[in-house]
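User: I have this one open on my screen and would like to talk through its sheets and helices. Could you go over it with me?

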Amino acid sequence: MAEAHQAVGFQFTVRPDGVDLKLSQEVITNICQAGLTAWKKRAIRFKNGILADLYPASPSSWLIVVIVMISSLYTGLDLSLGIINSIQENMALRGYLSVQTGAVLSAVVFASAAWLFLIYLLRYTLKALLSYHGWIFESHGKMSTSTQVWLNLVKMFSGRRPLLYSFQASLPRLPVPKVEATIRRYLESVRPLLDDEQYEEMKILANDFKESEAAQLQRYLILKSWWASNYVSDWWEEYIYLRGRGPIMVNSNFYVMDLLHVTPTHRQAARTGNVVHAMLQYRRKLERGEHAPVMPQHAPYTMTHHLTGTAVTFLLSFVAQLRALGTVPMCSAQMERMFNTTRIPGIETDFVQHLSDRKHVVVYHKGRFFQVWLYMGGRHLLPSELETQFSRILNDTSEPQPGELKLAALTAGSRVPWARARMKYFSQGVNKASLDAVESAAFFLALDDESQGYDAASNSLDRYAKSLLHGKCYDRWFDKSFTLITYPNGKMGINAEHSWADAPIVGHMWEYIIATDCFQLGYTKEGHCKGDVNQGLSYPTRLQWLIPKECENVIETSYLSAKRIADDVDFFAYVFGAFGKGLIKKCRTSPDAFIQLALQLAQFRDQGEFRLTYESSMTRMFRDGRTETVRSCTSEAVAFVRAMEDRQTTNTERLALFRKAADKHQNMYRLAMTGSGIDRHLFCLYIVSKYLGLDSPFLKQVLSEPWKLSTSQTPQQQLNLVDINKFPEYVGAGGGFGPVADDGYGVSYIIVGENLITFHISSKVSSPDTNSRRFGQHISKAMMDIQTLFHPINKTMTDDESRMQLNNGKKHM
């Protein structure tokens with residue numbers, strides 16, 4: 001055991017003349033190194049914290065202001081307009097200081113006050129500038145004079161070399177939309193889904209709400225928007241995630257996959273060692289705030305469903321101008337809780353526990369839990385050292401303790417039984433110590449014993465997706481901020497809990513991990529981690545559990561409940577290789593709008609009707625922003641789909657309708673990004689009504705509408721990490737989520753490079769109306785059908801190229 005191994009470094013013998021101490025020089029050296037590293041880390045955090053708090057000014061600017069003010073004393077030019085003299089005359093130490101010393105000290109005091117005032121002036125000026133979003137609504141290739149002036153001003157007030165949290169204090173607050181505008185857009189969004197009678201009934205409900213309680217509820221929201229940093233996010237986290245009493249496995253957690261085609265090594269322990277080391281590097285930069293702030297041009301594509309966040313597709317059209325600026329930041333607050341975070345179950349509501357600077361990870365393998373220390377002598381374990389530790393676990397042949405095998409199923413089942421079991425069976429003794437080790441770990445690691453990955457022969461990612469989404473229902477700790485999952489063939493992935501952050505936050509880390517693993521750390525020719533093997537490491541510690549029979553029954557009940565959910569997931573994940581972003585851009589349309597309209601066409605062909613559709617947009621240009629909904633099933637989209645199904649309509653007419661629907665979709669996306677969305681506003685109005693005890697039939701109806709089609713797009717945020725043109729095989733497979741509605745579909749997709757799109761489709765086996773594979777075939781057919789509308793005007797594509805892409809599309813259907 002680790003404790004026994006370290007104990008040999010400290011020995012003592014009791015003698016008649018005293019105690020003879022024997023100290024190990026190696027242990028003393030490690031202790032000193034750990035202490036120095038800890039103090040160095042504190043110093044760096046303190047320095048970076050000051051730099052972020054003072055941004056866009058810098059500490060050196062204080063010295064400049066002080067020098068200017070002191071110099072003015074000797075030039076006869078009073079820049080303070082008499083204030084320095086007033087400070088000198090009223091100084092408490094006036095009688096103890098010379099006139100010259102008092103004047104200098106007064107100048108320093110005044111300069112410091114002026115400097116602080118300047119910081120706040122710069123910060124609030126920058127906040128006012130970042131509140132302008134007119135640039136988003138401008139056409140591609142055109143820039144108004146006002147936007148040009150705005151770009152130059154933002155660049156001027158943004159300073160240089162910002163850190164991760166530098167812009168936090170300068171981000172504007174999320175505005176509260178007007179009730180009239182929200183209701184008008186809501187009625188517009190449901191019009192294509194209701195017949196005339198239903199629509200008139202909804203209009204009556206909406207008007208009654210607007211004329212009665214709406215004004216009162218709106219006043220409370222405006223008051224909260226003045227007081228809180230974000231009027232939505234805290235309620236969204238609490239009521240959408242933490243108060244849910246159902247299982248979070250499949251229903252809330254999402255997953256992210258490994259590279260699609262490349263596996264850097266087929267040795268599980270080696271791949272795990274490199275990836276964990278890369279995560280430690282990322283965490284160190286995160287804790288110090290040294291990552292660059294996320295800018296829109298680093299995230300040109302959207303992300304995920306109602307459980308995730310997003311970047312912005314149509315920012316591509318403005319990327320040239322944004323690069324010239326380079327300082328349109330997004331909120332980084334969610335990144336703070338990436339590591340050392342666990343969702344703790346409660347009877348009525350859960351809470352998110354975030355700790356700091358934990359130095360271990362808990363590993364699950366074949367029913368056993370191990371604690372692995374990640375630091376030695378004040379430094380991270382090297383990849384080769386981590387490989388050694390994980391190899392020891394993989395080679396361990398011990399059996400699980402009674403109740404240990406399926407223990408993690410408690411996190412997969414309903415929340416109330418888990419909360420009660422936690423209080424009754426895990427509140428003391430070895431169970432509490434072991435549970436504390438799990439919940440305080442940097443993250444959870446599962447070493448799986450079944451290989452997964454992309455099956456090129458069948459063009460399928462189904463098994464891989466289901467493994468990441470729910471596994472065996474007891475081999476992931478679903479409450480951890482994320483579980484890293486690695487497989488015997490070297491593949492890996494992540495299962496992430498959703499309450500603490502949205503998917504782009506996890507995606508940002510994942511991009512860094514992949515790039516660091518493949519292009520910086522690398523492997524030997526034999527597939528091992530580079531570096532010497534350190535055999536002197538203490539062995540991983542086996543966590544101990546004393547699970548009584550009653551608790552085993554609770555574990556089994558949770559497992560059976562989770563297994564029913566997992567078995568009911570119908571998944572179809574595949575690669576669409578007929579064409580990708582390159583061809584879509586030649587059609588001069590947004591790739592996201594193209595796919596969203598294809599999804600509407602596929603949905604209609606699959607179900608024979610139009611359904612309420614969810615697409616997530618980010619609101620991270622505002623302080624503490626998370627997501628907003630884009631209701632993609634618009635009247636314009638319906639008109640386009642009907643034209644596609646009408647044989648009497650010409651392709652020219654269909655193309656015109658497509659353009660109109662795509663423009664509508666992009667405009668709705670812009671509104672959602674800039675705080676003028678519908679659903680978060682209505683959600684918060686509903687929460688206020690519940691607090692006040694008011695019953696609103698309109699809000700009740702709105703919040704009860706099921707999302708039958710929930711869609712997303714996986715983001716690519718750090719395009720500079722991997723050059724896809726140089727390394728085209730290093731493309732990610734994206735991620736996905738479980739079905740949202742009992743009789744609906746969940747669709748996630750990733751657009752990688754110029755010629756590849758991967759779809760992840762989920763539904764429920766128990767629904768007789770849905771079939772994920774069938775829906776995937778409809779999507780492929782819809783993509784091809786829409787592409788043919790552009791063929792006559794796509795002069796850059798030859799007939800042979802067109803036929804080749806059509807044939808490739810049929811192969812992937």
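Analyst: What follows goes through the overall make-up, two sheets, a helix pair and a few single residues. This is a predicted model, so local features need pLDDT of at least 70 and side-chain atom pairs count only at pLDDT 80 or more, while totals for chains, interfaces and linings use all residues. Residues are numbered from 1 along each chain as its sequence is written, and side-chain values use heavy atoms, with hydrogens and water left out.

User: How many helices and strands does the protein come to?

Analyst: The protein has 26 helices and 20 strands. Helices (H or I, at least four residues) and strands (E, at least two) are DSSP runs, numbered from the N terminus.

User: And what share of the residues counts as buried?

Analyst: 57% of the 813 residues. Buried means under 20% relative accessible area, exposed over 50%, and partly exposed in between, with a 1.4 Å probe and protein chains only. As for contacts (heavy atoms within 4.5 Å), 78% of those between residues at least 6 apart in sequence join residues at least 24 apart.

User: Now the sheet of six strands. What is the strand order?

Analyst: The order is 14-20-19-17-15-16, in an open sheet with mixed pairing. Two strands pair if DSSP finds at least two bridges between them. Strand 14 (569-576) and strand 16 (627-630) are the edge strands, each pairing on one side only. From one strand to the next, the twist averages 20°. Angles run from 0 to 180 degrees between N-to-C directions, and axes are lines fitted to C-alpha atoms, for helices over the stretch in contact.

User: What does strand 15 pair with?

Analyst: Strand 15 (residues 613-618) pairs with strand 16 in the antiparallel sense over four bridges. Strand 15 and strand 17 run parallel and are joined by three bridges. Opposite M618 is T627 in strand 16, and opposite S617 is E628 in strand 16. Y614 has S710 in strand 17 as its bridge partner.

User: Is strand 15 buried or exposed?

Analyst: Mostly covered: six of its six residues are buried. T613, E615 and S617 point one way from strand 15, and Y614, S616 and M618 point the other way. In a regular strand the side chains alternate between the two faces of the sheet.

User: Which helix lies across strand 14?

Analyst: Helix 25 (residues 772-790), which also lies across strand 17 (709-713), strand 19 (745-752) and strand 20 (756-764). Helix 25 runs at about 30° to strand 14.

User: Switching to the sheet of eight strands. Which strands stand at the edges?

Analyst: The order of that open sheet is 13-7-6-10-11-12-3-18, again with mixed pairing. Strand 13 (541-542) and strand 18 (735-737) stand at the edges with a single partner strand each, so one side of each has no neighbour in the sheet. Strand 6 (residues 360-365) and strand 7 (residues 368-373) pair in the antiparallel sense over six bridges, with H365 opposite R368 in strand 7. Helix 13 (residues 383-395) packs on the sheet and touches strand 6, strand 7 and strand 10, its direction making about 165° with that of strand 7. Helix 17 packs on the sheet too, touching strand 3 (254-257), strand 11 (482-486) and strand 12 (492-496).

User: How do helix 11 and helix 17 pack?

Analyst: Helix 11 (residues 268-288) and helix 17 (residues 503-521) pack at an angle of about 125°, with their axes 9 Å apart. That makes helix 11 oblique to helix 17, because angles under 35 degrees count as roughly parallel, over 145 as roughly antiparallel, 65 to 115 as roughly perpendicular and the rest as oblique.

User: Which residues make the contact?

Analyst: Among them are R271, N274 and Y282 of helix 11, and W510, Y512 and D517 of helix 17.

User: What does N274 touch?

Analyst: Not counting residues up to four places away in sequence, N274 touches P383, D517, L521, G522, Y523 and C529. N274 is buried, with a relative accessible area of 1%.

User: Last one: what is the phi of N459 and of R588?

Analyst: N459 has a positive phi of about 50°, and R588 has a positive phi of about 60°; neither N459 nor R588 is a glycine. Most residues other than glycine have a negative phi. N459 is in the loop between strand 10 (444-447) and helix 16 (462-469), and counts as buried at 10% relative accessibility. R588 is in the loop between helix 19 (581-586) and helix 20 (591-607), and is exposed, with a relative accessible area of 74%.
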